[in-house]
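Here are some notes on the model you asked me to look over, set out as numbered points. Please read them with the structure open beside you.

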Amino acid sequence: MVLCLTLDLLVSLARESCYHFVNCGGMEQLGYCFVSSLQNSSALKLLHLGVIEQATSHSVGCEGFLGWWPREDENIPSGTSERYNQLLKLLLHNLRHDVASLATYILHRLRFYEVSSRYECSILSVLGGLSGSGQATSATMDILANAKLQLKNFLKLINSSGPIEDSSLVACASKSLVLGDAGQLFNQSLDNSVKLLLF
């Protein structure tokens, strides 16, 4: 499994090789392996997510992961992606912070790509549907309203894509030591110890 994932990671580095990887069904195989690896170690999950992260750094990787590849036209398939839902289910497990952080980062990237693709599709539909006189029809107005909604979703995604803080005691201790606030660290540790004793 480690050897296969490492090879997949190397293939996904370049755009052209990633295209061939997706075109030959590599993302489907990656999805099958991902489901079987959910019960494995955090290190293997992290490696698997690393391959997905590298592949989705290319547009063809995003489309392959979302199940849109190959597309016969410019229309975006409706419905939700099965592999996207698998990543969401992964976050429901008790994960290490680095695994959860990488999974969340990939989900944000995929959602960015989906919303921007739907917006692009709406704009292209408007440009293609304009009448010869340049007058907008009711169908055109509906498409523009949909494009406006996609822009609002895009703005929400931008505002919610900040760094994910690790709330564990080890991370809090490390942050306090780096900042040089030993007194606060001692008080926080004391408070946590008292809480553990009381409850």
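The points below take up one helix, the nonpolar core and a cavity in what is a predicted model.

1. Helix H6, which spans residues 82-91, has Arg83, Tyr84, Gln86, Leu87 and Leu90 among its residues, and these five are buried. Viewed down the axis of H6, the buried residues fall within an arc of 155°, so they line one face of the helix. Glu82 and Lys89, on the other side of H6, are exposed.

2. At the start of H6, the backbone nitrogen of Arg83 has a side-chain oxygen of Ser81 within 3.4 Å.

3. The largest nonpolar core comprises 30 residues, and those with the most contacts inside it include Leu87 and Leu90, together with Met27, Leu49, Ile52, Ile106 and Leu110. At least two residues of this core come from each of H2 (15-23), H3 (26-36), H4 (42-55), H5 (59-66), H6 and H7 (97-129), with H7 giving the largest share, eight residues.

4. Leu87 deserves a separate look: once its neighbours within four places in sequence are left aside, Leu87 is in contact with Phe34, Leu49, Phe65, Ala103, Ile106, Leu107 and Leu110.

5. A search of the whole structure returns one cavity of 30 Å³ or more, and the volume of the largest cavity is about 30 Å³. Its lining consists of Met27, Leu30, Gly31, Phe34, Ile52, Phe65, Arg83 and Gln86. H3 and H6 each supply at least two residues of that lining, and the largest share, four residues, comes from H3.

Terms used
Residues are numbered from 1 along each chain as its sequence is written. This is a predicted model: local features need pLDDT of at least 70, side-chain atom pairs count only at pLDDT 80 or more; totals for chains, interfaces and linings use all residues. Side-chain values use heavy atoms; hydrogens and water are left out. Buried means under 20% relative accessible area, exposed over 50%, partly exposed in between (1.4 Å probe, protein chains only). The arc is that of the directions from the helix axis to the C-beta atoms. A polar contact is a pair of N or O atoms within 3.5 Å; within protein, one must be able to donate a hydrogen and the other to accept it, and residues adjacent in sequence count only if both atoms are side-chain atoms. A nonpolar core is a set of buried Ala, Val, Leu, Ile, Met, Phe, Trp, Tyr and Cys residues joined through side-chain atoms within 4.5 Å. Contact means heavy atoms within 4.5 Å. On a 1 Å grid over the protein atoms alone, a cavity is a set of points where a 1.4 Å probe fits but cannot get out, and a pocket is an open set with protein on both sides within 12 Å along at least five of seven lines; lining residues have an atom within 4 Å of a point. Grid points are joined across faces, edges and corners, and a volume is the space filled by probe spheres set on the points.
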